[in-house]
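Colleague: I would like to learn how to read a model like this one. Could you walk me through it, feature by feature?

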Amino acid sequence: MHIYIKAPVLAKCPKCGKPVLPHVVCFNCGYYKGTEIIDVLKKLNRKERKKKEKEIAGKEEKETAKKPLSWEGLSKK
Ligand SMILES: [Zn+2]
């Protein structure tokens with residue numbers, strides 16, 4: 001008996017840009033349809049959390065990367 005498993009069609013997570021299964025919560029950032037379903041940061045330690053936060057925010061940062069650096073922006077860090 002042969003069972004062929006079709007490769008699932010992946011959608012792109014609108015939040016972090018990772019490939020995710022359609023209609024399934026993104027396991028990378030925990031978002032589904034713009035809502036945080038899973039608190040993915042909760043189970044991470046501080047170091048991992050920072051890395052993950054950067055990863056999730058990375059996509060949004062790229063869109064505003066063209067903006068020139070301002071003192072206002074720098075002082076926030
Ligand atoms: Zn995601």
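Modeller: Gladly. Let us begin with a term: a residue is called buried when its relative accessible area is under 20%, exposed when that area is over 50%, and partly exposed in between. By that rule, 17% of the 77 residues of the chain count as buried. Please keep in mind that this is a predicted model.

Colleague: Which parts of the chain have the highest and the lowest confidence?

Modeller: The general idea is that where pLDDT is low, the predicted coordinates should not be read in detail. Here the chain averages a pLDDT of 81, and 74% of the residues score at least 70. Confidence is highest in strand β3 (residues 31–32), with a mean of 92, and lowest in helix α2 (residues 71–75), with a mean of 65.

Colleague: How many helices and strands does the chain have?

Modeller: There are two helices and four strands. Following the sequence, you meet them in the pattern β-β-β-β-α-α.

Colleague: Now the metal. Which residues coordinate the zinc ion?

Modeller: For a metal site, look at the donor atoms, then at their distances and angles. The zinc ion is held by the SG atoms of C13, C16, C26 and C29, at 2.2 to 2.3 Å. Along the sequence, these donor residues follow the spacing C-x2-C-x9-C-x2-C.

Colleague: Why is the arrangement around the zinc ion called tetrahedral?

Modeller: Four donors count as tetrahedral if all angles lie between 85 and 135 degrees. The four donor atoms around the zinc ion subtend angles of 104 to 116°, so the arrangement is tetrahedral.

Colleague: Are C26 and C29 buried or exposed?

Modeller: Both C26 and C29 are buried. C26 has a relative accessible area of 1%, which is why it counts as buried. You will find C26 in the loop between β2 and β3. For a sense of the spacing, C26 and A11 are 15 residues apart along the chain, and their C-alpha atoms are separated by 9.9 Å.

Colleague: Let us turn to charges. How many salt bridges does the structure hold?

Modeller: Side chains of opposite charge can pair when their charged atoms come close. This structure holds one salt bridge. The partners are E55 and K18, whose closest N and O atoms are 3.4 Å apart. The pair links distant parts of the chain, 37 residues apart: E55 belongs to helix α1 (residues 46–63), and K18 to the loop between β1 (11–12) and β2.

Colleague: Why do E55 and K18 count as partly exposed?

Modeller: Compare each value with the limits of under 20% for buried and over 50% for exposed. E55 has a relative accessibility of 31%, so E55 counts as partly exposed. K18 comes to 36%, and therefore K18 is partly exposed too.

Colleague: And the nonpolar side? Which residues form a nonpolar patch on the surface?

Modeller: The patch is made of L10, L21, V24 and F27, and together they have about 390 Å² of accessible area. Take L21 as one of them: it lies in the loop between β2 (19–20) and β3. L21 is partly exposed because its relative accessible area is 40%.

Colleague: One last feature, the backbone. Where does H23, with its positive phi, lie?

Modeller: When you check backbone angles, look for positive phi values in residues other than glycine. H23 has a phi of about 65°, and H23 lies in the loop between β2 and β3. Its relative accessible area is 70%, so H23 is exposed. K33 also has a positive phi, near 55°, and is found in the loop between β3 and β4 (35–36). At 67% relative accessibility, K33 counts as exposed.

Colleague: How far apart are H23 and K33 in space?

Modeller: From C-alpha to C-alpha, H23 and K33 are 8.6 Å apart, with their positions 10 residues apart in sequence numbering.

Notes: Residues are numbered from 1 along each chain as its sequence is written. This is a predicted model: local features need pLDDT of at least 70, side-chain atom pairs count only at pLDDT 80 or more; totals for chains, interfaces and linings use all residues. Side-chain values use heavy atoms; hydrogens and water are left out. pLDDT is the predictor's confidence in each residue, from 0 to 100. Patches are made of residues with over 30% relative accessible area and no salt bridge: like charges are joined within 9 Å, nonpolar side chains (Val, Leu, Ile, Met, Phe, Trp, Tyr) within 5 Å. Accessible areas come from the Shrake-Rupley method with a 1.4 Å probe; for residues, only the protein chains shown count as cover. A salt bridge is a side-chain nitrogen of Lys or Arg within 4 Å of a carboxyl oxygen of Asp or Glu. Buried means under 20% relative accessible area, exposed over 50%, partly exposed in between (1.4 Å probe, protein chains only). Donors are N, O and S atoms within 2.8 Å of the metal (3.2 Å for Na, K and Ca); water is not among the atoms, so sites may look incomplete. Four donors count as tetrahedral if all angles lie between 85 and 135 degrees; four count as square planar and six as octahedral if opposite donors are over 155 degrees apart and all others between 65 and 115; anything else is irregular.
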